[in-house]
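Work through the exercises below with the sequence and the model in view. Try each task before reading its solution.

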Amino acid sequence: MAPSTEHPGVSRRRFFGLAGAGAAVGAAAGFAGGLGTGRATADDPPTSSVPDGYPFHGTHQAGIVTPAQDRLHFAAFDVTTDSRDDLVALLRDWTAAAARMTAGQPVGDQPLPYDAPPSDTGEATGLPPSRLTLTFGFGPSLFRDADGRDRFGLAHRQPQALRRLPHFPADNLSSERSDGDLCVQACADDPQVAVHAIRNLARIAFGTAAIRWAQLGFGRTSSTSRSQQTPRNLFGFKDGTANLKAEDTSAVEKFIWVADGDDPRAEWMTGGSYLVARRINMVIETWDRSSLREQENIVGRDRAEGAPLSGGTEFTEPDFSLKGRGGTPLIPLDSHVRLAHPSQNHGVQMLRRGYNFTDGNDALGRLDAGLFFIVYVRDPDTQYVPVQNKLSRDDAMMEYLQHTGSALFAVPPGVRRGGYVGEPLFA
Amino acid sequence: MKRRLVTSSLALAVAVPLMAACTSNSPSSEGGGTDSPREMAVTSTNDACDVSAQKAPSGSLVFNVKNDGSKVTEFYLLAEDGLRIIGEVENIGPGLTRDLVVKAPPGDYFTACKPGMVGDGIRDAFTVTDSGEPAQATGKDAELVKAANEQYASYVKDQTEQLLAKTRKFVSLYEAGKDEQARALYADARVHWERIEPVAESFGDLDPKMDLREADLQEGQKWTGWHRIEKDLWPPKSGYQPMTDAQRTAIADQLLKDTKDLYQRTRTITFTADQIGNGAKGLLDEVATGKVTGEEEIWSHTDLWDFQANVDGARVAWEGLRPLLKKDNPELDRQIDRRFTALQDLLDAHRKGDGFVSYTELDKTQVRKLSDAVNALSEPLSKLTAAVTL
């Protein structure tokens, strides 16, 4: 999906920049007295060919095949009301706020009295949209509570695939970092913009939904477009070389978007996708003490370039059959790339969109850091679950990993103008 | 309209130092060509009051007032008689911009800038035409404001009376060494303080003497008041030196003296609608920062009594303002009503005897639920003041 050139609104920075330019011109021309240069330019379309914003409305939600931005603030919410009307009202309010924020505009469009708290919290004022995307999802618990009770009259439309993920080998999940009724993935190139978005959405939600857990990510670990460099994870290796890319349009259709007829109970998901979130802690300190030989054998790629150990360069297809001295495969049998590669998983592909995180340190002074893994799939049962079972069981990397949070969300299709996110579910 | 607002706020941030006089906020030039915009740019200088339009359709109006003069200025929208104030913004420093938001029905008005804050101001006629939109005039309900004030003032008086009576009893029990009975009365007496906490806190000299927690102390500061006695009545298991009889008498006498002082000062107190509205919000802020976290009563763990008392006080303040709010924003009133009820239901679940369970008996989930309910109420309650003063 090429970045759109649509300009849904005037960005905070455009105003900032133009106002500043106007100010400079005004100051220079000030003696002449004939002013007015600082005006009206706000309505001009941006001249830059590189947009710093993505449209909020569309067939699919933004923030999935959109080229991965640099920063993440992800939040899962518990719905605290019993009222379906309140829930729908929240989704409407969120939609309106999201459309404005992704266009670089403040939340709320009415001037308020001096005695009222401002409708926007203000910390993104003067910042450009920073390619902010806001992606909304629904967790299994929105449809049925822990006792199986239908909470909002939605149970009959709960997708077959939208269930709590199974326990995977070695899972050490904290309920305070797992699950949730709703989720919002905020991605932007400026962390302040992403945090501003979650903060304002959480504020709008008070009384209807409350944050259950949230995660900041400081650096993307995947490319979702061929226009992007492959970034590195905290193990120091390139991550996401073999990721599904937005340009692979037929694979995107096949592996990401839910198609008409996929689930007769959940036709509302057509054009949507499933989001798996896993908070994966890395045992950084012991990893750093392991030899480069061990590190590369665990990953199955070389660290410098990201080339498969069977040879070539980063984007060379790995040759899993190539053997070295003594007949052992160059790419070890328990290496991460072998176990996760589509060719070893019946051709299954996924779109990874994870972020590195560091949440300070633990009580022993070790980094509380790792990968906040996000993946989008058309069907978690056939795409994500089998691969994760295999990795959790066999992947040599598991010695250095601990999964501490887990969630699955159904991400509804995009929002049409005048509609609200998830509208087909409530129709 | 939206764009212009952003322009003006950024003009404030960026353009002001360089070209204060050059930036136009005129909505007629940027607002899409509307003949009668609802947003007016006002430029107040030392000797002029330039309003971008002299006419607007009835409804919610915004005057974006920029002080281009060198004196502190004010801006008023006055009724036809030139006396009654429909809306005002005060204390606009040189170079600053502030919005006045008012609701105005059709009619004749005056705009007025008051540079230097003296005199009748620089006036001009202003007309509001009939847009067909119903608009309840701002600032019209002097009777309702008066009623709210009287109701709240009498509540404050009543609470300080009860506080004084119970404090008298409490300190005599404490001084007499009847600790068991003093402990039983502690939370019950403090309820009357907590119900009017923002009022008590408005007396900046009394509040630190009466309600400071140990953690609030500055190094070397003398600690007096309720929480000093609280610690002596519920002492830590080790490392604590109990108060001597003489120390008890001194601290008890001081608390009683300060309470009498508070009582005296509240006999003739009066309020405005914004003080009452902000008081309601302030009480919920107290709950959110001190009570729901169990930090207020760190020795006695009677935080839920304080919690309930703060909620009581906020409810009384809101109820006094309800006649105003219902006229202006019935939906906000309904929301506040529903959320007060939801919060009260949760609190009621923790009642025990005449009071509440100890804070330490609450589990994490229960605290979280209370906190969510406080947030749910605080958000609409934070909009109360603007709604009733608009």
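**Exercise 1.** How many residues does helix H2 of chain A have, and what distance does it reach from its first C-alpha to its last?

Solution. The model is a predicted one. Step one: helix H2 of chain A covers residues 84-102, which gives 19 residues. Step two: the helix reaches 27 Å from first C-alpha to last, close to the 27 Å expected at 1.5 Å a residue. Step three: look at the two ends. At the start of H2(A), a side-chain oxygen of Ser83(A) comes to within 3.3 Å of the backbone nitrogen of Asp85(A). After the helix comes Gly104(A), with a positive phi near 80°. Step four: turn to burial. The buried residues of H2(A) include Leu87(A), Leu91(A), Trp94(A) and Met101(A).

**Exercise 2.** Describe how chain B is divided and how much of it is buried.

Solution. Step one: the domain assignment gives domain 1 (2-129) and domain 2 (142-389) in chain B. Step two: the C-alpha centres of these two domains are 41 Å apart. Step three: chain B contains 13 helices and 11 strands. Step four: 52% of the 390 residues of chain B count as buried.

**Exercise 3.** Explain why strand E5 of chain B is described as largely enclosed, and find its partners.

Solution. Step one: E5(B) spans residues 73-78, and 6 of its 6 residues are buried, so the strand is largely enclosed by the rest of the structure. Step two: in a regular strand, side chains alternate between the two faces of the sheet. Thr73(B), Phe75(B) and Leu77(B) point one way from E5(B), while Glu74(B), Tyr76(B) and Leu78(B) point the other way. Step three: E5(B) pairs with strand E6 (residues 85-92) of chain B in the antiparallel sense over 5 bridges, and Thr73(B) stands opposite Ile92(B). These two strands form a hairpin with 6 residues between them, and Gly82(B) in the turn has a positive phi of about 75°. Step four: E5(B) also runs antiparallel to strand E8 (residues 107-113) of chain B, joined by 4 bridges. Here Phe75(B) stands opposite Cys113(B).

**Exercise 4.** Is Leu346(B) buried, partly exposed or exposed?

Solution. Step one: Leu346(B) belongs to helix H11 (residues 330-348) of chain B. Step two: its relative accessibility is 24%. Buried means under 20% and exposed over 50%, so Leu346(B) counts as partly exposed. Step three: beyond its neighbours within four places in sequence, Leu346(B) is in contact with Lys369(B), Leu370(B) and Ala373(B).

Technical notes. Residues numbered from 1 in each chain as written. Chains lettered and ligands numbered in written order. Predicted model: local features only at pLDDT ≥ 70, side-chain atom pairs only at ≥ 80, totals over all residues. Heavy atoms only, no water. Domains from an automatic or database assignment. Buried < 20%, exposed > 50% of the residue type's maximum accessible area, 1.4 Å probe, protein only. Contact = heavy atoms within 4.5 Å. Expected span 1.5 Å × (residues − 1). Polar contact = N/O pair within 3.5 Å; in protein donor to acceptor, adjacent residues only side chain to side chain. Pairing = 2+ DSSP bridges.
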